[in-house]
Amino acid sequence: MLSAAEIDAAAAALDEAERARVQTGLLSLKHPGMTMDDAYAVQAAWVKRKLAAGRKVTGWKIGLTSKAMQYALNINIPDSGVLFDDMAFEDGSVIPEDRFIQPRIEAEIAFILKAPLKGPDVTVFDVLNATDYITPSLEILDTRIVRVDPQTKQTRTIVDTISDNAANAGYVLGGRPMRPDAVDMRWMGAIVSKNGEVEETGLGAGVLNNPARGIAWLANRLAQYGMGLSAGEVVLAGSFIRPVEAPHGSSIHADFGPFGSVSCHFR
């Protein structure tokens, strides 16, 4: 278990890495016994720093919802991170070239809540009742921690990802807002292109067989810490595609068919 000083030092290193756009080393290498609880404590300490700097929480993201990503990190549950006001980009936005380190894109269904959700025992039906609307979205991922240690070649683990705010860096809402009971989200999919070439395709069923299940999982996990989801918050339910690399000059377009599209461009 990490000490309070080690947790604060890790949060400070992540904060500086994001500001300077220079990645910090693997926490899993520095603290081999680090647990997921330690990682969420680091994330919480970093969130506290952002709030102290004037940021406002606008919602949450759920990650690692697909079996493929869970197998890759040897886990069997999702993870979560916090969305802030400075992470929101308009549909079609041009992202400044000095904003991110190694941006990648995922396609997701975003839930906008009209009522609070607090566990334990939140169900999919509770999620649908608390949701104002759902809409297509892109999540912008970034890694403030190196993906691979240059010396040992060790790759980052789940504790690195969680500490790094679940790799979240931004989000774009677009497409056509819909009531959650007006569409079968399992069949809500997207064709994701980069610079006009199709990179990934996927369906909402890839997210725990129903994206609303991820929202219920998050509400129940937060209940362990006396927390919950609030009305007006945006919750990104988890990606149903593999991350698409988005280096300088990348135009990303996600076509959700009858549900509209969402895009952004990295200068």
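# Notebook: cores, a sheet and three buried residues

**Ile162.** I started at Ile162, which sits in helix H6 (residues 158–163). The model is a predicted one. Is Ile162 buried or exposed? Ile162 is buried, because its relative accessible area is 0%, and the cut-off for buried is under 20%. I then listed its contacts, leaving out residues up to four places away in sequence. Ile162 touches Met36, Ala39, Tyr40, Gln43 and Asp79. I also checked Ile162 against Gly25. The two are 137 residues apart in sequence, and their C-alpha atoms are 14 Å apart in space.

**Nonpolar cores.** Next I looked up the largest nonpolar core, which has 56 residues. Which members touch the most others? They are Phe111 and Leu229. Strand S5 (residues 104–113) gives the most to this core, with seven residues. I followed Leu229 outward, again not counting residues up to four places away in sequence. Leu229 touches Trp60, Leu113, Pro116, Leu117 and Ile215. Leu218, Ala219, Leu222 and Val235 are also in contact with Leu229. A second core, separate from this one, has 20 residues, including Leu27, Ala39, Tyr40 and Val146. As a general note, nonpolar side chains in soluble globular proteins tend to be buried together.

**Helix H7.** Several contacts of Leu229 led me to H7. Helix H7 (residues 211–223) has 13 residues. From first C-alpha to last, H7 reaches 19 Å, close to the 18 Å expected at 1.5 Å a residue. Which residues of H7 are buried? I found Pro211, Ala212, Gly214, Ile215, Ala216, Leu218, Ala219, Arg221 and Leu222. I noted that Arg221 is on this list. What do the buried residues of H7 pack against? Their partners are helices H3 (36–52) and H5 (124–130), along with strands S1 (57–63), S2 (79–84), S5 and S10 (234–239).

**Glu139.** I turned to Glu139, in strand S6 (residues 131–141). Glu139 counts as buried because its relative accessibility is 0%. Which side chain makes a polar contact with that of Glu139? The partner is Asn168, at 2.9 Å. I set aside neighbours within four places in sequence and listed the rest. Glu139 is in contact with Lys61, Arg104, Ile105, Glu106 and Glu108. Asn168, Gly170, Tyr171 and Leu236 are on the list for Glu139 too.

**The five-stranded sheet.** I traced an open sheet of five strands in the order S4-S13-S12-S8-S9. The pairing is mixed. Which strands are at the edges? They are S4 (93–95) and S9 (197–203), each pairing on one side only. The twist averages 20° from one strand to the next.

I checked the S4 end. S4 pairs in the parallel sense with strand S13 (residues 261–266), over three bridges. Ser93 has Cys264 as its bridge partner in S13.

Then I checked the S9 end. Strand S8 (residues 189–194) and S9 run antiparallel and are joined by six bridges. Gly189 has Leu203 as its bridge partner in S9. The hairpin of S8 and S9 has two residues between the strands. There Asn195 takes a positive phi near 50°.

**Ser193.** My last stop was Ser193, which lies in S8. Ser193 counts as buried because its relative accessibility is 14%, against the cut-off of under 20%. What does Ser193 touch, not counting residues up to four places away in sequence? I listed Val198, Glu199, Ser251, Ile252 and His253.

Technical notes. Residues numbered from 1 in each chain as written. Predicted model: local features only at pLDDT ≥ 70, side-chain atom pairs only at ≥ 80, totals over all residues. Heavy atoms only, no water. Core = buried A, V, L, I, M, F, W, Y, C linked by side-chain atoms within 4.5 Å. Buried < 20%, exposed > 50% of the residue type's maximum accessible area, 1.4 Å probe, protein only. Helix = DSSP H or I, 4+ residues; strand = E, 2+ residues; numbered from the N terminus. Contact = heavy atoms within 4.5 Å. Pairing = 2+ DSSP bridges. Axes fitted to C-alpha atoms, helices over the stretch in contact; angles between N-to-C directions. Expected span 1.5 Å × (residues − 1). Polar contact = N/O pair within 3.5 Å; in protein donor to acceptor, adjacent residues only side chain to side chain.
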